[in-house]
Amino acid sequence: MNPLLVPLHGLGSRQDLPLPLPLAVTGAALVLVLSFAVLALAWREPRWDGVPGGRVLPGLTRVVDARWTRIALAAIGLFAFAWVGMALWAGQDRVTNPVFGFAYVWMWVGLVPLSLLLGPIWRTANPLRTLVLLARRAGLPRDGVLPLTPPVWRRIGRYPAAVGLAAFTWLELVQPDNNTLAVLRWWWLAWVVVVAGGGVLFGPRWVRSADPFEAYAVLVSRASPWQRVDGRVALVNPLRHLSTSRSPSGTWAVVAVLLGGTAFDGFTGTSWWVRTVQSSDLPRVLWSTSGQLAMVALVGLTFALGVRGLGRLRQGALLDLLAASVIPIVIGYAIAHYLSLLVLEGQRTMINLSDPLGWGWNAFGTAELGINQLWLDAPQATALIQLFAIVGGHLLGVLVAHELSLRVLPAGRRVLGQVPLLVVMVGYTCGGLLLLFSP
Amino acid sequence: MRKTIGSLLAALLLVGCATTQEAAPSSTVAPPAMATSPATSATPAEPARTVIRITLADGKVEPNGQRVELARGSVLELVITSDREDAVHVHGFDLEIPVTPGASVTKDITLDRVGRFEIESHEPVFTILQLVVS
Ligand SMILES: [Cu+2]
C-alpha cells in the first residue's frame, strides 16, 4: 500500500483544500441569482400538487419486486453485517481494521450516492430489518410483542431516527477514541439493541422509524429518479419525487440533525475553532457537544422561522412537508464535504475488507490493491465538484420549496410568503460555501 | 481574502517563521531566536523553505492551531523543543517525530502533496498547525 495514505491513527488524515475565494464568491452570487429567478420566473400554480408521476416501468418493477432480488439484497446486507461484525468483535484494534472505514465512510458517506442513484435499496438490504423479519418468520407476532396503534406510529414518525442520527454524528465528531474497537463495540451494541430489539418489541415498522442509516438512506432516496407510482417503479423527475413523496412526522428533525451535523463538522476544521477550544480550560467534549447541539438548533430554528412565513406550524405538519426542500441541500453538503473521503478512504476500506482479522487474508482479492491517487492531483476538480454540489443542491431545494409553497399558500401571498424560507435556504447554502472556504 | 492573508500574517508573526513562496531561488530570513538560516547556500534549484518553531511546554503547544499556507514543492522545516516525551505527528505525510525533554529536533518535510493536513501532538492531543499545501 502506498505510504502516503496510511494514517497512524484515525481516518481522514487529509482534508480538502479550502474552496478558493473566487469560486466561493461565484457560488454565492449564483445562489442569490438562481433563488430570486425561481421566485420571479418559475411556475405559478402547483405543478404536481402532491401527485407522483413519471414513466412507469413494469419490467423493472417485476425485477425489483422479484422474491429472489429481495432475498439477494437481504443476503448481501446480512453478509456484510456478519463480515464487518467479525472485524469488530474479533479483529485487531488498529486503523487497518476495516470496521472503522466501513462505519464512517462506506455506510455514513456511501449511503448518500447509493440512495441517490439506486433509490431506497438500503431498506431492503438493511440487516437489522432482515433479522426482525426472520424473527417474525420464526413465530414472533406480526406487529411485535407490544403492538402500537396507527396514531402512535404517526406521532413517533422519524423522531427516533433523528435522535439516532444525532448520536451517530456525535460518535463521529465528538466521541473520544472513536477509532478504537472498545468504543465502537458499545455503539454497535446500542444500535443493534435499540433498532433490532425495538423491532422485536414493536414490529418491523420500528426499524423504519428508528434505524438512523435506513432513515438517512430513505431520505436521500427521495431525490432519486426512482419512485413508486401506484405501486410500480417509475422513472421520475427528482423534483417531482421530492415534492410528492411522503414526509413522515419528524422529517424536519432528521434534516436539521443532518445539515447541522455536517455544518458542525466543517466548522471544527476552521482554525478559529481549533484555537478557541485548545486555549480553553473547559473540556473539549463539552465544547464539541455544545457546538453540535447549537448547530442543529440553529438549523432547526431558522428552518421553523422560514416555514412560519407559509402558515401556522400546526403540529409540525408544515415543517415536515417543507423539510423535503432541504433534502437536496443536505445531499449537496454531504457530497461537498465527504466525497474526497469516500473516494480515498473508501478505497482503503475496500483493501482492508479483504483481511478483517488482520491474519493476512485476501478474501476479495483487494488486499494487494493500491489507492488510486488521481483524485489527489486534481484539487481544482474537487473544488468544482464541491461548488456544483452545493449550488445544484440549493437550486433543487429552492424549486421544491417553490412547488410546496404554492400548494400551501393562499392565492394572494404566493410570492411574498415564500421569501422567508428562501432567505433561510440562501443562508444555509452560503453558510455551506463559507465553511468550505474554511476561514 | 483578507482573512486568509490575515491568518497567514498571524501565523508568520506568532509562529515566528518567515516564508518565501516565490518560485525563484529563495532563502529564509531566520527569526531572531534562530541562530542561522538553513538556506544560506541557496542555489537556483533549491525549493522555497519555511522554518517553523514548535514548542511543547506546560501541557500546551505553541503555535496553537494556526494555519500556514505553503506552496507544493516547498520545504517545511520544523524545529521542535519539548519539555515532555511526546511525538509530533504530521498527518497525511505519515511522519511521527519523537521528541524528548530538553533536546531540540529539526525535521525537513518536502511538501509534495496537496491538501489540508494537521500537525499535532499526541500526549495530550493538540493541533499545533493546520498545514495547507496548494
Ligand atoms: Cu496524530
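These are my notebook entries on selected helices, strands and contacts of chains A and B in a predicted model.

**Entry 1. Chain B, overall**

I began with the make-up of chain B, which has one helix and nine strands. Read from the N terminus, its elements run α-β-β-β-β-β-β-β-β-β. I then looked up burial: of the 134 residues of chain B, 39% count as buried. I also looked up sequence separation in the contacts of chain B. Among those between residues at least 6 apart in sequence, 56% join residues at least 24 apart.

**Entry 2. Strands within chain B**

I took strand 3 (66-70) of chain B next. Four of its five residues are buried, and the strand is mostly covered. Strand 3 of chain B runs parallel to strand 9 of chain B, and five bridges join the two. For one register point I noted E69(B), whose bridge partner in strand 9 of chain B is V132(B).

I then turned to strand 5 (residues 86-90) and strand 6 (residues 95-99) of chain B, which pair in the antiparallel sense over five bridges. V88(B) stands opposite I97(B) of strand 6 of chain B. The hairpin of these two strands has four residues between the strands, and in it G92(B) takes a positive phi near 80°.

**Entry 3. Where chain B touches chain A**

I looked up the contact between the chains: 22 residues of chain B are in contact with 20 residues of chain A. Which elements of chain B give two or more residues to this side? They are helix 1 (2-15), strand 3 (66-70), strand 8 (115-122) and strand 9 (125-133) of chain B. Strand 9 of chain B gives the most, with four residues. By class, the side of chain B that touches chain A has five nonpolar, eleven polar and six charged residues.

I also found strand pairing across the two chains. Strand 1 (residues 14-15) of chain A pairs with strand 8 of chain B in the antiparallel sense, over two bridges. R14(A) has F117(B) of strand 8 of chain B as its bridge partner.

**Entry 4. A three-stranded sheet in chain A**

I traced an open sheet of three strands in chain A, in the order 2-4-3, with antiparallel pairing. Strand 2 (55-56) and strand 3 (226-229) of chain A are the edge strands, each pairing on one side only. Strand 3 of chain A and strand 4 (residues 232-235) of chain A run antiparallel and are joined by four bridges. Here I recorded L235(A) in strand 4 of chain A as the bridge partner of W226(A). Helix 2 (residues 58-65) of chain A packs on the sheet and touches strand 2 and strand 4 of chain A; its direction makes about 125° with that of strand 4 of chain A.

**Entry 5. Helix 14 of chain A and its neighbours**

I examined helix 14 of chain A against two other helices, beginning with helix 9. Helix 9 (residues 159-173) and helix 14 (residues 251-268) of chain A pack at an angle of about 10°, with their axes 8 Å apart. Since angles under 35 degrees count as roughly parallel, helix 9 of chain A is roughly parallel to helix 14 of chain A. Residues of helix 9 of chain A in this contact include Y159(A), L165(A), T169(A) and L173(A), and those of helix 14 of chain A include V254(A), L258(A), G261(A) and D265(A). The residues of this contact divide into eleven nonpolar, three polar and one charged.

The second partner I examined was helix 16 (residues 284-308) of chain A. The axes of helix 14 and helix 16 of chain A come within 8 Å and cross at roughly 130°. The two helices are therefore oblique to each other, and their crossing is right-handed. Helix 14 of chain A contributes residues including W252(A), A256(A), G260(A) and F267(A), while those of helix 16 of chain A include G291(A), M295(A), V299(A) and F303(A). I noted twelve nonpolar, five polar and no charged residues in this contact.

**Entry 6. M350(A)**

Last, I looked up M350(A), which lies in helix 18 (residues 327-353) of chain A. Is M350(A) buried, exposed or partly exposed? M350(A) has 19 other C-beta atoms within 10 Å and is partly exposed, because a residue needs 20 or more to be buried. I also noted the separation of M350(A) from V419(A): the two are 69 residues apart along the chain, and their C-alpha atoms are separated by 46 Å.

Definitions and conventions: Residues are numbered from 1 along each chain as its sequence is written. Chains are lettered from A and ligands numbered from 1 in the order in which they are written. This is a predicted model: local features need pLDDT of at least 70, side-chain atom pairs count only at pLDDT 80 or more; totals for chains, interfaces and linings use all residues. Axes are lines fitted to C-alpha atoms, for helices over the stretch in contact, and angles run from 0 to 180 degrees between N-to-C directions. Angles under 35 degrees count as roughly parallel, over 145 as roughly antiparallel, 65 to 115 as roughly perpendicular and the rest as oblique. Two residues are in contact if their C-beta atoms, placed from the backbone, lie within 7 Å. Ala, Val, Leu, Ile, Met, Phe, Trp, Tyr, Cys and Pro count as nonpolar, Asp, Glu, Lys and Arg as charged, and the others, Gly among them, as polar. Two strands pair if DSSP finds at least two bridges between them. A residue is buried if 20 or more other C-beta atoms lie within 10 Å of its own, exposed if 12 or fewer, and partly exposed in between; C-beta atoms are placed from the backbone. A crossing is left-handed if the near helix is turned anticlockwise from the far one by less than a right angle, and right-handed if clockwise.
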